[in-house]
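Here are a few quick notes from my pass through this one. Have the viewer open while you read.

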Amino acid sequence: MKSLEELTRPNIWSLAPYSSARNEYSGHAAHVFLDANENPYNKPLNRYPDPLQEDVKAKLSVVKRVSPEQIFLGNGSDEAIDLPYRCFCRPGIDNVVAIEPTYGMYKVCADINDVEYRPVLLDENYQITAEKLLKATDENTKFIWICSPNNPTGNNINRDEIIKLIDSFDGLVIVDEAYSDFSSQKPLRDELDRHPNMIVLNTFSKAWGCAAIRLGMAFASKDIISIFNKVKYPYNVNSLTQKQALEALKDPYEVDKWVKIILQERLRMIQAFKDLPICEKVYNTDANFFLAKMKDAQKTYDYLVDKGIIVRNRTRISLCGNCLRITIGTKSENQDLLAALRDL
């Protein structure tokens, strides 16, 4: 790969980051805080949060089997998606490559940062080859997006092709594993030390059931994480979010139970959809949702909205014509959906 200095925007490489009051005394015990112009009343909400979320990272490190210094925590995965553009891509000059269809925020952040976004269409099985992605790159391609399991298709992208891509590309490869907890495939974050040009994303919003706290994760080399920490806002993860994350991390086995139930319901729902006359096909999935090709997706979607049941209409997305994306809910919610569709 290119050196990290070559990949990073020159102004970011030489950036002197803002030094928050909490950073300056790090490593020393303190009990009187007169440094940050905080109000001394209304404890504990009067104090700024830990800018590097060290307690959360220490707990998360054990669960995810990743060193704390290889973890970045952001305001949702959206921050971890946006930061690579801000750190590595020169606006109006550089470009990124991504599979298509995939999660829409990759393109939105590219457009916001004035970075050319080059989508590469998946095949009829929603798969891609490293060769096809590499053909879309040039000397100004800074990174390639892979979402696996992919959204909205639900399937794992071929692992061998991802590894081949990481080993062949001289830039960065970002693998979004937001749905990896629902997959039987080993997460790529376990191989961070073997691939210094890889960034892996994860989230508290899916398996952990904490979408409301807006906490996203990025796992990468210590050097990449240090660049992210230079550019992020000083107190990007608030104290309430950090507190709730620590609560969630106390019992990761509860998350395992939720995942097991969701996978059981996923199997039941897929079989039930295959039996519906209005459904033409259900695609293989490794996530907590599945993509279903309907005879008339728009009509079905509108009907469900009238019933107060909301699914995602993906019919305007590439390769997803007449498709609905169905998230696995509780058994009761899933049953309400099936009952409504059986009456259509």
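1. Cysteines, starting with Cys 279. Keep in mind that this is a predicted model. Cys 279 has a relative accessibility of 9%, so it counts as buried, the cut-off being under 20%.

2. If you were hunting for S–S bonds to set up, you can stop: the structure holds zero disulfides. For Cys 279, the nearest cysteine sulfur belongs to Cys 323 and sits 8.9 Å away. A disulfide here needs the two sulfurs within 2.5 Å, so Cys 279 is in no disulfide.

3. Cys 147 tells a similar story. Its nearest cysteine sulfur is that of Cys 320, 12 Å away, and Cys 147 is in no disulfide either. At 1% relative accessibility, Cys 147 is counted as buried too.

4. On to Thr 153. Where does Thr 153 sit? Look in the loop that runs between β4 (141-147) and α8 (159-168). Loop or not, Thr 153 comes out at 0% relative accessibility, which is why it counts as buried.

5. Which side chains make polar contacts with the side chain of Thr 153? One is Asn 150, with a distance of 3.2 Å. Another is Asn 155, where the side chains are joined by a polar contact of 2.5 Å.

6. What does Thr 153 touch once you skip residues up to four places away in sequence? The list is Pro 101, Tyr 126, Asn 284, Phe 289 and Leu 291. Put that next to the 0% accessibility and you have the surroundings of Thr 153 to check in the viewer.

Notes:
Residues numbered from 1 in each chain as written. Predicted model: local features only at pLDDT ≥ 70, side-chain atom pairs only at ≥ 80, totals over all residues. Heavy atoms only, no water. Helix = DSSP H or I, 4+ residues; strand = E, 2+ residues; numbered from the N terminus. Buried < 20%, exposed > 50% of the residue type's maximum accessible area, 1.4 Å probe, protein only. Polar contact = N/O pair within 3.5 Å; in protein donor to acceptor, adjacent residues only side chain to side chain. Contact = heavy atoms within 4.5 Å.
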